[in-house]
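Hi,

Here is the structure I said I would pass on. Have a look at it first, and my notes follow underneath.

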Amino acid sequence: MRTLRVKVVRVKGYCPVYNPGDEFFILEGYKLRTEKEICLHALASLFPWYVALSRGVPPKALGLGNQEAAYIQCPDPCEYTGGGTVVFEIRRLGDE
């Protein structure tokens with residue numbers, strides 16, 4: 001298993017946790033490494049996908065993007081909550 005880099009590529013609305021360019025890592029398919037706070041709501045959106053992506057299943061095969069990167073977003077519907085919807089790009093390091 002390789003390391004996944006999860007990077008914020010867009011924030012629609014206002015997110016109190018993330019800004020574009022923020023990133024964290026998932027090591028060996030289950031270890032979370034970060035130097036910043038993590039939003040548990042956003043993290044939950046990664047749960048169905050991180051093991052498959054760590055094991056090399058192409059994002060395109062999962063319907064999440066292209067061959068190199070997966071894209072998911074947090075579940076906050078910012079237009080209704082006043083919060084922010086965050087879009088994450090997920091890449092396996094070494095596959096770039």
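**T85 and its surroundings**

T85 counts as buried, because its relative accessibility is 8% and the cut-off for buried is under 20%. Before I go on, please keep in mind that this is a predicted model, so everything below is computed from predicted coordinates.

T85 lies in strand β5. If you set aside the neighbours within four places in sequence, T85 is in contact with R10, V11, K12, Q73, C74, D76, P77 and C78. Two backbone atoms are worth picking out around this side chain. The backbone oxygen of D76 lies 2.3 Å from a polar atom of the T85 side chain, and the backbone nitrogen of C78 lies 3.5 Å from a polar atom of that side chain. For a distance in the other sense, try P58: T85 and P58 are 27 residues apart in sequence, with 24 Å from C-alpha to C-alpha.

**The sheet**

How are the strands arranged? There are five of them in an open sheet, in the order β3-β2-β1-β5-β4, and the pairing is antiparallel. β3 (31–33) and β4 (70–73) are the edge strands, each pairing on one side only. On average, neighbouring strands of this sheet are turned by 25 degrees against each other, with direction ignored.

Going through some of the pairs:

- β1 and β5 (residues 84–92) pair in the antiparallel sense over nine bridges. One of the residues to look at is K7, whose bridge partner in β5 is E89.
- β1 and β2 run antiparallel and are joined by four bridges. On this side, K7 has E23 as its bridge partner in β2, while V6 has F24.
- β2 and β3 also run antiparallel, with three bridges between them. Here I26 stands opposite L32 in β3.

So K7 is a handy residue to click on: its partners are E89 in β5 and E23 in β2.

**The hairpin turn and E28**

β2 and β3 form a hairpin with three residues between them. E28 is in that turn, and its phi is near 55 degrees, a positive value in a residue other than glycine. That caught my eye, given that most residues other than glycine have a negative phi. Is E28 buried or exposed? Neither, as it happens: E28 counts as partly exposed, because its relative accessibility is 42%.

**D22 and the cavity**

D22 lies in the loop between β1 (4–13) and β2 (23–27). Despite the loop position, D22 is buried, with a relative accessible area of 14%. What does its side chain meet? There is a polar contact of 3.0 Å between the side chains of D22 and K36. Leaving out neighbours within four places in sequence, the residues in contact with D22 are V6, K7, V8, V17 and K36. V6 and K7 will be familiar from the sheet, where they have the bridge partners F24 and E23.

D22 and K36 turn up again in the lining of the largest cavity, along with V17, Y18, E23, F24, T34, E37 and I38. The count comes to one cavity of 30 Å³ or more, and about 40 Å³ of space lies in the largest cavity. Both E23 and F24 in that lining are also bridge partners of β1 residues, E23 with K7 and F24 with V6.

**One more spot: S54**

S54 is in helix α2 (residues 50–54). S54 counts as buried, because its relative accessibility is 0%. S54 and R91 are 37 residues apart in sequence, yet their C-alpha atoms are 9.0 Å apart in space.

**Where to start**

If you have only a few minutes, I would begin with the T85 side chain and the backbone atoms of D76 and C78. After that, go to the D22 and K36 contact and the cavity that both residues line. The positive phi of E28 would be my last stop.

Cheers

Note on methods:
Residues numbered from 1 in each chain as written. Predicted model: local features only at pLDDT ≥ 70, side-chain atom pairs only at ≥ 80, totals over all residues. Heavy atoms only, no water. Helix = DSSP H or I, 4+ residues; strand = E, 2+ residues; numbered from the N terminus. Buried < 20%, exposed > 50% of the residue type's maximum accessible area, 1.4 Å probe, protein only. Polar contact = N/O pair within 3.5 Å; in protein donor to acceptor, adjacent residues only side chain to side chain. Contact = heavy atoms within 4.5 Å. Pairing = 2+ DSSP bridges. Axes fitted to C-alpha atoms, helices over the stretch in contact; angles between N-to-C directions. 1 Å grid on protein atoms, 1.4 Å probe; cavity = no way out; pocket = protein on both sides within 12 Å on 5 of 7 lines; lining within 4 Å. Points joined across faces, edges and corners; volume = space filled by probe spheres on them.
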